[in-house]
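Hi everyone, thanks for coming. Please have the sequence and the 3D view open while I talk, and stop me whenever a term is new.

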Amino acid sequence: MKQRVAILQRDIVWRDIKANQQAIERMLDGVVADVVVLSEMFQTGFVVDPEGVADMGDTLEWMQRLSRRLGAAVVGSVAVSVDGENRNRMYFVMPDGRVEYYDKRHLFSVGDEALNYTAGGERKVVLWRGVRYLLEVCYDLRFPVWSRQRGDYDVAIYSALWPKPRREVWYTLLRARAIENQAYVVGVNRIGSEPTLEYVGDSAIIDARGVELVDMGSSEGVAVADIDMEALAIFRSRFNVSRDADDFELI
């Protein structure tokens, strides 16, 4: 069985939700996929203080409409306000209206994200059309224990806003997460700039051996690749490193 994943890399209009949603709709016109992955905070850019742009439900409804139109799951993170708290929330929205979500666990304290957001504490794996997706956001990529594959997922998705100065770290860790977990890794970043940060993209889809199936470099657009579940199962069975892994427990 194969499943097609599309990744969208673009410049983000700073704090302009409508403009960003319209641009995404245009770029996805005619795209055929099972899953479409957007970047972290795809509708605002990296807002440390989300006052005035934190979603109260409108963006989720927009994602549901987009998912129905595409016939694909739509994935990406937005700043949300829930019960008086701000969360960096990754939605996994399905065409029938179902929604799963993951709240970013590792807030980027170096960039003051932790000042205005509440961290999540629940690891999230979503089953979609026979493939298990682990949901992760940006800074989570630096923490391998949190994304450790324990026989429970096939693809790890990282929606990110990863700036240019740490470009090599992005490249290195995406491949490390794929290799050590014997899983596909999907990493989606942005291009362009914000008031204080510059981005060069490098969105990629990587197989369980660490081989790039897609590397977008700094181009704007949509790229697709197939997740081959049969090939993944054969690789895991013939080279089963997980049986030698160290036991651990998250607390």
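Let me start with one definition: two strands pair if DSSP finds at least two bridges between them. What you see is a predicted model. With that in mind, look at E8 and E9, which pair in the parallel sense over 5 bridges. For a single example, find tyrosine 158, whose bridge partner in E9 is glycine 187. In general, strands of a sheet pair through backbone hydrogen bonds, either parallel or antiparallel.

Let's stay on E9, which covers residues 184-188. How many of its 5 residues are buried? The count is 5 of 5, and the strand is mostly covered. The side chains take turns: Tyr184, Val186 and Val188 point one way from E9, while Val185 and Gly187 point the other way. Both groups are buried.

Just before this strand there is a residue I like. Glutamine 182 sits in the loop between helix H4 (167-181) and E9. Most residues other than glycine have a negative phi. Glutamine 182, however, has a positive phi of about 45°, although it is not a glycine. Is glutamine 182 buried or exposed? Its relative accessible area is 4%, and buried means under 20%, so glutamine 182 counts as buried.

Now compare arginine 15, in the loop between strand E1 (2-9) and helix H1 (17-28). Arginine 15 also has a positive phi, near 60°. Partly exposed covers the range between 20% and 50%, so arginine 15, at 30% relative accessibility, counts as partly exposed.

Next, the open sheet. Its 6 strands run in the order E5-E4-E3-E2-E1-E14, with mixed pairing. At the edges are strand E5 (99-103) and strand E14 (221-228), each pairing on one side only. On average, neighbouring strands of this sheet are turned by 30° against each other, direction ignored. Inside the sheet, strand E2 (residues 35-37) pairs with strand E3 (residues 73-82) in the parallel sense over 3 bridges. There you can find valine 37 opposite valine 75 in E3. Helix H2 (residues 58-70) packs on this sheet and touches E2, E3, strand E4 (85-93) and E5. The direction of H2 makes about 170° with that of E3.

Let's move to a loop residue, glutamine 149, between strand E7 (131-137) and strand E8 (155-159). With a relative accessible area of 11%, glutamine 149 is buried. Its side chain reaches the backbone nitrogen of aspartate 152 at 3.1 Å. Which residues does glutamine 149 contact, leaving aside its neighbours within four places in sequence? They are Arg123, Asn181 and Arg236.

Another residue to click on is glycine 192, in strand E10 (residues 191-193). Glycine 192 is partly exposed, at 22% relative accessible area. Along the sequence, glycine 192 and isoleucine 12 are 180 residues apart, yet their C-alpha atoms are 7.1 Å apart in space. Leaving aside neighbours within four places in sequence, glycine 192 is in contact with Asp11, Leu197, Glu198 and Tyr199.

Last stop: empty space. Rolling a probe the size of a water molecule over the atoms shows where it is left. Here the count comes to 1 cavity of 30 Å³ or more. The largest cavity holds about 40 Å³ of space. Its lining includes Leu8, Ile12, Ile24, Leu38, Phe42 and Asn189.

That's my tour, and I'm happy to take questions.

How values were computed:
Residues are numbered from 1 along each chain as its sequence is written. This is a predicted model: local features need pLDDT of at least 70, side-chain atom pairs count only at pLDDT 80 or more; totals for chains, interfaces and linings use all residues. Side-chain values use heavy atoms; hydrogens and water are left out. Helices (H or I, at least four residues) and strands (E, at least two) are DSSP runs, numbered from the N terminus. Buried means under 20% relative accessible area, exposed over 50%, partly exposed in between (1.4 Å probe, protein chains only). A polar contact is a pair of N or O atoms within 3.5 Å; within protein, one must be able to donate a hydrogen and the other to accept it, and residues adjacent in sequence count only if both atoms are side-chain atoms. Contact means heavy atoms within 4.5 Å. Axes are lines fitted to C-alpha atoms, for helices over the stretch in contact, and angles run from 0 to 180 degrees between N-to-C directions. On a 1 Å grid over the protein atoms alone, a cavity is a set of points where a 1.4 Å probe fits but cannot get out, and a pocket is an open set with protein on both sides within 12 Å along at least five of seven lines; lining residues have an atom within 4 Å of a point. Grid points are joined across faces, edges and corners, and a volume is the space filled by probe spheres set on the points.
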